[in-house]
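Work through the following exercises with the sequence and the model side by side. Each begins with a task and goes on to a solution in steps.

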Amino acid sequence: MFYKDERLALFIDGSNLYAAAKSLGFDIDYKLLRQEFERRGKLVRAFYYTALLENEEYSPIRPLVDWLHYNGYAMVTKPAKEYTDSMGRRKVKGNMDIELAVNAMELAPRLDHAVLFSGDGDFRPLVEALQRQGVRVSVVSTIRSQPPMIADELRRQADNFIELDALRDVVGRPPREPREDDQS
């Protein structure tokens with residue numbers, strides 16, 4: 001489904017991709033991910049979207065965000081909002097859907113193929129709008145988790161569905177085991 005001469009861009013919904021890979025029992029190696037799609041076509045841009053907790057001294061995602069920024073990914077971040085739900089549980093909210101949709105629509109005239117790493121059904125209208133502009137859209141997520149991480153309406157709208165588990169050997173690395181010196 002990929003052509004060597006087509007201009008393509010990656011749109012990675014960070015939290016959604018992380019959850020999908022975690023449900024399948026592996027971590028994404030983002031260097032390998034980028035290399036894989038550089039092989040498949042002319043990679044114009046690789047976007048990574050995530051919300052960050054600004055008020056915390058150390059965020060576990062900060063090293064990944066910094067690494068991606070230095071290694072060819074266009075980082076799109078915003079502060080996450082923290083709140084307490086009705087049950088008194090601390091929750092974090094940081095939806096990046098609008099930012100992803102705006103970037104995809106802005107870049108559409110310069111693309112032949114968009115690759116969306118998300119199973120979120122809210123992206124179905126975006127996929128449809130990109131297709132109306134002549135952009136082919138592949139969606140990367142998983143149906144092999146329980147429950148499936150991809151919304152049926154998004155999978156049906158996409159030109160191509162790529163099962164994340166099928167990419168495991170190409171872009172995956174096993175989840176990190178805690179190091180011996182990390183245990184207290």
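Two strands pair if DSSP finds at least two bridges between them, and helices (H or I, at least four residues) and strands (E, at least two) are DSSP runs numbered from the N terminus. The model is predicted, so local features need pLDDT of at least 70 and side-chain atom pairs count only at pLDDT 80 or more, while totals for chains, interfaces and linings use all residues. Residues are numbered from 1 along each chain as its sequence is written, and side-chain values use heavy atoms, with hydrogens and water left out.

**Exercise 1.** Find the strands that pair with β1, and then place them in their sheet.

*Solution.* Begin with β3, which pairs with β1 in the parallel sense over seven bridges; in this pairing Asp13 stands opposite Tyr49 of β3. Next take β7, which is joined to β1 in the parallel sense by five bridges, and here Phe11 has Leu116 as its bridge partner. Moving outward from β3, one reaches β4, which runs parallel to β3 and is joined to it by six bridges, with Thr50 standing opposite Thr77 in β4. Put together, six strands form an open sheet with parallel pairing, in the order β4-β3-β1-β7-β8-β9. Because β4 (74-79) and β9 (160-163) stand at the edges with a single partner strand each, one side of each is left without a neighbour in the sheet.

**Exercise 2.** Decide whether β1 is largely enclosed or not, and identify the residues of the largest nonpolar core that touch the most other members.

*Solution.* Residues count as buried under 20% relative accessible area, as exposed over 50%, and as partly exposed in between (1.4 Å probe, protein chains only). Six of the seven residues of β1 are buried, so β1 is largely enclosed by the rest of the structure. A nonpolar core is a set of buried Ala, Val, Leu, Ile, Met, Phe, Trp, Tyr and Cys residues joined through side-chain atoms within 4.5 Å. The largest one has 28 residues, of which Leu10, Ile28, Leu33, Tyr73, Phe117 and Leu164 touch the most other members. Elements giving two or more residues to this core include β1 (7-13), α2 (30-40) and β7 (113-117).

**Exercise 3.** Locate Asp85 and describe its surroundings.

*Solution.* Asp85 is placed in the loop between β5 (81-84) and β6 (90-93). With a relative accessible area of 17%, Asp85 is buried. Finally, a polar atom of the Asp85 side chain lies 2.8 Å from the backbone nitrogen of Arg89.

Note on methods
A polar contact is a pair of N or O atoms within 3.5 Å; within protein, one must be able to donate a hydrogen and the other to accept it, and residues adjacent in sequence count only if both atoms are side-chain atoms.
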